Amino acid sequence: MKAIPIIAALAALAFVALRFDSQSPAVAASGYAAPAYTGAAYAPQPGRRPGVEEMTALGRTMFFDPSLSGSGQQSCATCHSPEHAFGPPNNLSVQLGGKDMKTAGTRAVPSLRYLQNVPPFSEHFHDDDGDDSIDAGPTGGRTWDGRADSAHDQARIPLLSPHEMANASPADVVAKLRRAPYAAQFRATFGETIFDDGARAFESALMALEVFQESPADFYPYTSKYDAYLRKQTSLNAQELRGLELFNEPTKGNCASCHISEILPNGAFPQFTDYGLIAVGVPRNKRIPANKDPRYHDFGLCGPERTDFQDNPEYCGLFKTPTLRNVALRGSFFHNGVFHTLQEVMEFYVQRDTNPEKWYPRNRDGSIRKFDDLLPAHFPNVNVEAPFDRQPGDKPALSDAEIKDVIAFLKTLTDGYKP
């Protein structure tokens with residue numbers, strides 16, 4: 001019922017996320033061409049090849065270790081709490097970190113659950129459905145702008161970010177690992193000489209974090225009520241069934257157009273995301289300190305965190321479509337955490353265009369400044385498919401009662417249900 005994650009399969013074959021040095025004197029002197037895996041993220045290394053269980057155990061220890069941060073007070077689990085589906089344990093729009101634990105981030109912290117099948121970022125993505133004529137556009141990758149292609153690439157970001165764990169460099173992280181109570185465990189896992197090569201030690205640490213995040217029981221347990229419903233182990237009540245129908249109906253919620261809800265043709269359970277990037281024009285969040293500067297804008301795929309598409313205005317405003325699994329456990333929503341309840345989110349979806357005055361500020365002349373966190377040149381990028389296909393004064397796609405039905409269904413996506 002679930003696809004086997006590529007990372008876990010590779011780890012089971014004892015591959016380590018390190019680089020093969022094709023320019024080394026030994027390779028150059030041999031006269032042989034570099035092997036096919038040269039420069040790959042996963043390449044076999046000489047010496048000890050750790051197994052999945054020991055890398056998982058090490059990665060788990062590191063994940064909960066606050067001493068790996070510049071402040072000594074923040075671990076990965078501080079923002080990615082297991083009790084909250086590895087998402088934030090509070091309703092702050094953005095989390096605090098940095099060397100003093102007072103530096104605010106610029107984006108809401110996403111959940112780390114159900115990311116095992118996220119494809120690497122592609123500007124032109126084609127679904128594996130036998131029809132390569134359909135270009136789904138920018139798709140895949142991790143983080144809100146898709147710039148990390150794997151869990152170990154993603155882990156690098158918070159370790160080195162000045163408003164997160166705030167390490168000055170990879171060497172800074174490795175120095176902390178050398179002093180950690182589990183340094184012996186690190187050497188036992190990756191070899192006694194692992195700390196002799198700082199770059200290799202840092203990459204090994206990222207790999208341990210990645211393998212831990214491939215642990216099924218922790219990160220993709222598929223234990224929600226909806227999963228039990230798909231297994232025919234339980235039934236949804238009348239309100240939940242109405243919510244599911246509205247969720248799927250293209251002329252109503254149309255949620256399933258991006259948040260896929262059906263078992264895939266290959267038998268995999270739905271991830272409730274198509275992994276795409278989309279612009280929905282959420283309001284500017286004035287509670288984010290960076291937004292106090294009117295010149296600052298977070299445009300997602302076209303910057304500022306991601307830099308390779310800064311000259312592509314057609315990508316401005318596009319952010320990753322997150323999974324809706326465990327969405328009821330969240331206290332902040334969208335990339336900027338501007339909303340804090342599912343009720344607000346649903347009302348925004350169906351009233352963004354029918355009642356824009358409810359969501360956006362007014363200009364001095366009294367007109368509504370719609371899409372106030374984008375520039376006018378980016379407005380054509382904003383999605384206008386249902387339920388965003390209305391005009392001011394039109395009837396919203398969902399009534400208040402129907403919104404409650406959809407929310408009731410969304411609550412069936414929380415892990416931990418016991419039939």
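Contact here means heavy atoms within 4.5 Å, and a residue is buried when its relative accessible area is under 20%. The exercises below concern a predicted model, in which the protein has 13 helices and 4 strands.

**Exercise 1. Determine which residues of helix α7 are buried, how they are arranged around the axis, and what covers them.**

Solution. Begin with the burial criterion, which in α7 is met by Ala183, Phe186, Thr189 and Phe190. Seen down the axis of α7, these buried residues fall within an arc of 125°, so they line one face of the helix. The next step is to look for what covers the buried residues of α7, and this includes α3, α6 and α8. Finally, follow the chain past the end of the helix, where Gly191, just after α7, takes a positive phi of about 115°.

**Exercise 2. Classify the packing of α3 against α7 by angle and handedness, and name the residues that meet.**

Solution. The axes of helix α3 (residues 52-63) and helix α7 (residues 183-190) come within 10 Å and cross at roughly 150°. Angles over 145 degrees count as roughly antiparallel, and α3 and α7 are therefore roughly antiparallel to each other. The crossing of the two helices is left-handed. On the α3 side the residues are Glu54, Met55, Ala57, Leu58, Thr61 and Met62, and they meet Gln185, Phe186, Ala188, Thr189 and Phe190 of α7. Sorted by class, this contact of α3 with α7 has 7 nonpolar, 3 polar and 1 charged residues.

**Exercise 3. Carry out the corresponding analysis for α3 and α8, giving the angle class and the composition of the contact.**

Solution. The axes of α3 and α8 lie 7 Å apart, and the helices pack at an angle of about 100°. Since the range from 65 to 115 degrees counts as roughly perpendicular, α3 and α8 are therefore roughly perpendicular to each other. From α3 the contact takes Val52, Met55, Thr56, Leu58, Gly59, Arg60, Met62 and Phe63, while α8 supplies Ala205, Met207, Ala208, Leu209, Val211 and Phe212. These residues divide into 11 nonpolar, 2 polar and 1 charged.

**Exercise 4. Find the buried residues of helix α5, the arc they occupy, and helices that cover them.**

Solution. In helix α5 (residues 151-160), the buried residues are Ala151, His152, Gln154, Ala155, Pro158 and Leu159. Viewed down the axis of α5, they fall within an arc of 155°, so they line one face of the helix. The cover over these buried residues includes α6 (170-179) and α8 (198-212).

**Exercise 5. Describe the surroundings of His378 and of Ile278, stating for each whether the residue is buried, partly exposed or exposed.**

Solution. Take His378 first, which lies in the loop between α12 (342-351) and α13 (400-410). With a relative accessible area of 5%, His378 is buried, and, leaving aside residues up to four places away in sequence, His378 touches Phe299, Pro313 and Cys316. Turn next to Ile278, placed in strand β3 (residues 277-278). At 23% relative accessibility, Ile278 counts as partly exposed. Not counting residues up to four places away in sequence, Ile278 touches Cys258, Gly317, Leu318, Phe319, Thr321 and Asn383. The C-alpha atoms of Ile278 and Val382 are separated by 7.6 Å, although the two residues are 104 residues apart along the chain.

**Exercise 6. State what share of the protein is buried, and what share of its contacts joins residues 24 or more positions apart.**

Solution. Of the 419 residues of the protein, 52% count as buried. Among contacts with a separation of 6 or more, 66% are accounted for by residues 24 or more positions apart.

Key: Residues numbered from 1 in each chain as written. Predicted model: local features only at pLDDT ≥ 70, side-chain atom pairs only at ≥ 80, totals over all residues. Heavy atoms only, no water. Axes fitted to C-alpha atoms, helices over the stretch in contact; angles between N-to-C directions. Parallel < 35°, antiparallel > 145°, perpendicular 65-115°, else oblique. Left-handed = near helix turned anticlockwise from the far one by under 90°. Nonpolar A, V, L, I, M, F, W, Y, C, P; charged D, E, K, R; others polar. Buried < 20%, exposed > 50% of the residue type's maximum accessible area, 1.4 Å probe, protein only. Arc of directions from axis to C-beta.
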